[in-house]
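Dear colleague,

I am passing this structure on to you, since you have not worked with it before. Please look it over first, and then read the notes below, which go from the whole chain to a few single places in it.

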Amino acid sequence: MNAHADQQLPHPSPPASASPSYAADRLARALRTSLTHEDAATRERAGARARQWRDVLSGMAGGTLSIGSRTPVATLPAWVTPEVVTGGFVTGSAAAGGPLLPHERETARRAGVPATRSALFAHHLTEDGLRDLWSLLDSGRYEVHAPEEAALATVAWLVRAGRFDSAAELVAEMGPFADRLRFAPRPADRPAPGVDCLHRRTAGEAAAALARRRPHPGVEAQREALSVWRPFEDELLAHRLAMSGPDAPAPGRRAEGAALLARYAALAAAHTRCTKHLDPKSNAAILRRALEEELAGRALTPRLAGLLRVAVTSMVAKRGVPGSPGHTRLRLARTEHAALPPHHALAALVLRRIAPLDEDRGIPDVEAAVAPVSGREARETGLPEGAVVPPAVAATVRGALSAPLEVLVERGVVPSAEVLAALVPQLVAAVTAERYADAPLRTLMAATYRAFRRRRSLLLLNLEHQVRIGELPWVRAVSGELRDGPAGDLCDGAADREPAHEALRRLGELAVCAFPATVLPNPLVRELGELSRRAELGAPFVEELAADIFMGTFSPKFLVAARIAADLLEGSLYARYYGIDYAAVRRMAVAQAAESALRGHPARTAPEFAALCAERAGTGTRGWSTAANGTVIEQAQILTTHNLATLAARAGIAPPPGWAQLARDCFGAVCRLLARVEGNPRPMSTIKDAAYAWRQMLFHLSLCEAAEREAVLAWIEAEAARRSGHVRTLLAPALAGLRLVAGGGSFGADGTADAGRARRLLGWSTGRHWMRGSRLPG
């Protein structure tokens, strides 16, 4: 197995080859679901998938599809977005194809041309058609769902810019597909969002989640109990009390009782959610049974008479006599509670509010979507005016907020570094669009990039790569409009350095400030590496490696990252705590660079760095094990600071809260994690996370000024004293070690000092970790 870092990352699990058997299996699954699933909407979706898989199998059998190729559809070039299904298989259709959409038919009607794609294509190249496209460009009121829908708008921009040759070449390249594909944008009621606005979920995804809300059986049963059955029980009780009193009107007893029983039969037939009234032991059932016996002219048995007395007594004691002030207040409160609109009804109202929005974008004004029920809405829906949208429903909509990334983090829409990583492609697209000087072109290219990011990956074989943004003919046609002129090979992502550097700095600060105690997840690391490459910083970002498949080697970028850490941290608290000879690391990096220059090509591995990590981990004489691998990988993370030094020294991050505050936040995370160790039968993952947060804390501390660092260390001591006894016990050796190193001391070769009372905190261990259990050394 190759042990290069980027080959150890988890891979998706599509088929390893373009096998018809995979497609046949998917077809069988879809058919089974379409025929047997209980939900009609699910059956319909499964039927659509089945038709797609039939197209896949038909195309593979007929030779019109070449699954595994960058051009899998024989009649379409690579730049056309194909319809892709699970596993990267294509159906043979184009995402921008299919029947004319309503806006296309309307355009044809207004222009007085046949309702065909070719006629529409020709119309958009006329003076009137170009004028319409220019209007869209200037207003920004359009949508681009598939990348192809930006092509004719790009032609219009080129014509207005006097780039007639480029426009003609672009038209010629698109011409053969004019009768099949949508090349014009979709008119919209509102301008496109700013290039800086990102979203975690789309309005369409939020709408789908709202549409899935159904009445909750338990809640609806409770609502029925409060609004139907409790009032009826009160009527039964009131009748019993009235009939058993000294002034009971005997002539009306039978008629009133018969009416109550008739009402019960009608209610039981109409209201079936709550079934408690069917329980023969319930008070209401006892009252009914006694009434039935009396109306039938039968005397109550001693047992039933006793049960009746207990039922009446307990009901009066619990809620009071019907009509009394206390009973009236109780029933009024419960009636008001039952009258609250159900969550699914309010979700339907919110769904109606966001339905007009573009389903492929975020929601710019989420507060308007979750506002209380207005008077007009109350009249139209029957919901009470002023009813508040419940938090669970509001959270679904707020998760689709469209705003700058910092706002999304601040509002909790981005709750973790993993979620932050998922938003990075949108940020990269925004940065790329910023490279264009002209504002309308910038908006158009941002829309193009957003649509391109939705393009699903193909199943590719023989080391072929996915289609890149620069291969789109209309993107290539405006490459000369970049702020710094042509960017060379757009397919390789060459970019304007300054915007990419700014995006890298911005993203790094967000990640470190919002999640200071968290190791950067691999998806985020990959995106940071892409931005670094575009900014031409020469700053490598290293992934977290998987201990269970680690083969003992590292790619050269790990040593480069350690060299960056050496330049930043040599002699620091961080270096002294972990006992790092950064001068030796620097010499090792220089030697590796010289050797690569002598060979004329970069090395594939860094054996010296791997040996240093193994030596520091003490695994030289041990056999292979996941734990041993973990200790080696952890040493690589320590030497490289797992990208923190690269962010600080090369990306130039300057966290607004300051390094001292980040160190405090990390220590707080350490304490919270250690509080979960007590009683945990498998505490090692928690201990590892605590050790990683401790490492991040030491890095942040090392970038503080001396006086600030002393203040934070004093705060840590005081904060530790406030924690529970168990946390204090676990922390004591680690704090003693921190105190020792901060005072100028050092650990021994085994990572302990002062007869074991001071310990270096690491996450991985090949033996029993010293934090496991309550009995600690010393």
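What percentage of the 778 residues in the chain do the buried residues make up? They make up 50%, and please keep in mind throughout that this is a predicted model.

As for the chain as a whole, its secondary structure comes to 33 helices and six strands. The radius of gyration is 35 Å, well over the 28 Å that the globule rule gives for 778 residues, so the chain is more spread out than a compact globule. Taken along the principal axes, the box that the C-alpha atoms fill is roughly 115 × 90 × 50 Å. Among the contacts with a separation of 6 or more, 71% are between residues 24 or more positions apart. The accessible surface comes to about 36100 Å², and carbon and sulfur atoms account for 54% of that surface. The chain carries 95 positive and 81 negative charges, and the mean positions of these two sets are 8 Å apart.

Turning to single elements, helix α17 spans residues 391-398, and its buried residues are V393, A394, T396 and V397. These residues cover an arc of only 150° around the axis, which puts them on the same side of α17. In general, an α-helix has 3.6 residues a turn, so residues three or four places apart point the same way. The cover over the buried residues of α17 includes α8 (203-211), α14 (343-354) and α15 (366-369).

Another residue to look at is T448, which has its place in helix α20 (residues 439-453). T448 counts as buried because its relative accessibility is 0%, where the cut-off for buried is under 20%. If residues up to four places away in sequence are not counted, T448 touches A150, L472, W474 and V475.

The last residue in these notes, L520, lies in the loop between α22 (497-514) and α23 (522-535). Although L520 is in a loop, its relative accessibility of 4% means that it counts as buried. Leaving aside neighbours within four places in sequence, L520 is in contact with A511, V525 and L528, and also with H642, N643 and L647. The C-alpha atoms of L520 and L644 are separated by 9.0 Å, while the two residues are 124 residues apart along the chain.

With kind regards

Note on methods: Residues numbered from 1 in each chain as written. Predicted model: local features only at pLDDT ≥ 70, side-chain atom pairs only at ≥ 80, totals over all residues. Heavy atoms only, no water. Helix = DSSP H or I, 4+ residues; strand = E, 2+ residues; numbered from the N terminus. Rg over C-alpha atoms; globule rule 2.2 N^0.38 Å. Buried < 20%, exposed > 50% of the residue type's maximum accessible area, 1.4 Å probe, protein only. Contact = heavy atoms within 4.5 Å. Areas by Shrake-Rupley, 256 points an atom, 1.4 Å probe, with all protein chains shown as cover. Lys, Arg positive; Asp, Glu negative; His and termini not counted. Charge placed at Lys NZ, Arg CZ, Asp CG, Glu CD. Arc of directions from axis to C-beta.
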